[in-house]
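Please open the model in your viewer and keep the sequence panel beside it. The stops below say what to select at each point and what is found there.

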Amino acid sequence: MADEQFVTLLARLLKAGVVVKGVFEKTTKGCPQGSPLSPILSNIVLNELDHPLEARNLGYCRWADDFVIVVRSHRAAQRVMEITVAYLEGGLGVKVSRDKSQVAPIKDVIFLGFQLLRGRIRVSTQAQGRFKARVREMTRRNNPLPMYQVIHELNKYLRGWVGYFGIQEFKYLFRNLDAWIRSRLRSTQLKKWKKPGKFQRVMIRAGFDPKEANRVWIKMNRWQSVMRPPVRFVLDLGWFRQQGLVFLHDFTTAFSRA
């Protein structure tokens, strides 16, 4: 039995219109891209697809209007693809995006930012690329924010990202990303210290012999400097823990225990 209030609310939302570049436009068909209404409507409509898939005992995973159906052969995949498209367009009146739909080996399928490789879940190469691009932006060497604030802002992004991708099963990935993030932050910190003399004084406070520290000359604006042993000693794991940096690998351990 339909909930009349809910149906009325959906109708009003669909007819509410959108603002494009400051100009109001009426909604005549479909749902605006990115609307919070979109996944709700997708689940309502595509619930009708779930039943025949389950009746045929097909393995599938669906999130709103994004779904993957898994079969054993390329021939079976082609057949299921044709049947599914015909059912969606003919039976449900839903337009299927041909350029986003494909028959492919499971290792080549990207679903919600994930891939399956050797039977394990991994973060897709594209998702990793987007992650690195965001971190690069937040840790650029000319970032005017003080380091504690850079790390504070970065942590918010890291927690959200790992909260989503934490189910991935390649533990080395988070360790490698952690090491790369620390290198980015080391480069940022050197740039903020500006002069080699400042770094020498930090070395002395970290326990270096003053004579030894004064013989060290670091190029503060070079990426290669992050690999210098004195830099890695001063800005070590303990230093980053002290600054409160989120380590992705810590979440790997947490997810494995859950």
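The tour goes from the domains to the cores, then to a helix pair, and ends with single residues.

Bear in mind throughout that this is a predicted model. Begin by colouring residues 37-103 as domain 1 and residues 139-251 as domain 2, the two domains into which the protein chain is divided. If you place a marker at the C-alpha centre of each, the markers for domain 1 and domain 2 will lie 46 Å apart.

Next, select Ile181, Leu185, Phe199 and Leu248, which are the residues with the most contacts inside the largest nonpolar core, a set of 40 residues. Two or more residues of this core come from each of helix 4 (125-138), helix 5 (147-165), helix 6 (171-193), helix 7 (196-205), helix 9 (229-234) and helix 10 (237-243). Apart from this core lies another, of 8 residues, and a selection of Leu49, Val85, Leu88 and Val96 will show some of its members. As general background, nonpolar side chains in soluble globular proteins tend to be buried together.

Return to isoleucine 181 and display its surroundings, leaving aside neighbours within four places in sequence: the residues in contact with isoleucine 181 are then Phe131, Val135, Leu154, Leu158 and Leu248.

How do helix 4 and helix 5 pack, and at what angle? Select the pair and fit their axes, which are 10 Å apart and make an angle of about 170°; because angles over 145 degrees count as roughly antiparallel, helix 4 and helix 5 are described as roughly antiparallel to each other. On the helix 4 side, show Ala127, Arg130, Phe131, Arg134, Val135 and Met138, and on the helix 5 side show Val150, Glu153, Leu154, Tyr157, Leu158, Trp161 and Phe165, since these are the residues that make the contact. Sorted by class, the contact of helix 4 with helix 5 has 10 nonpolar and 3 charged residues, and no polar ones.

Now move to cysteine 31, which is placed in the loop between strand 2 (23-25) and helix 2 (37-55). Is this cysteine 31 buried, partly exposed or exposed? With a relative accessible area of 28%, cysteine 31 is partly exposed. Neighbours within four places in sequence aside, cysteine 31 is in contact with Leu14, Leu37, Ser38 and Leu41. A distance label drawn from C-alpha to C-alpha between cysteine 31 and valine 18 will read 9.8 Å, although the two are 13 residues apart in sequence.

Two residues with a positive phi come next, and most residues other than glycine have a negative phi. Alanine 64, in the loop between strand 3 (59-63) and strand 4 (66-70), has a phi near 55°. Arginine 118, in the loop between strand 5 (114-117) and strand 6 (120-123), also has a phi near 55°. As for accessibility, alanine 64 counts as buried at 10%, whereas arginine 118 counts as exposed at 65%.

For the final stop, select phenylalanine 233, found in helix 9, which at 44% relative accessibility counts as partly exposed. Not counting residues up to four places away in sequence, phenylalanine 233 touches Ala206 and Phe208. The C-alpha atoms of phenylalanine 233 and alanine 206 are 8.6 Å apart in space, while 27 residues separate the two in sequence.

Conventions: Residues numbered from 1 in each chain as written. Predicted model: local features only at pLDDT ≥ 70, side-chain atom pairs only at ≥ 80, totals over all residues. Heavy atoms only, no water. Domains from an automatic or database assignment. Core = buried A, V, L, I, M, F, W, Y, C linked by side-chain atoms within 4.5 Å. Buried < 20%, exposed > 50% of the residue type's maximum accessible area, 1.4 Å probe, protein only. Helix = DSSP H or I, 4+ residues; strand = E, 2+ residues; numbered from the N terminus. Contact = heavy atoms within 4.5 Å. Axes fitted to C-alpha atoms, helices over the stretch in contact; angles between N-to-C directions. Parallel < 35°, antiparallel > 145°, perpendicular 65-115°, else oblique. Nonpolar A, V, L, I, M, F, W, Y, C, P; charged D, E, K, R; others polar.
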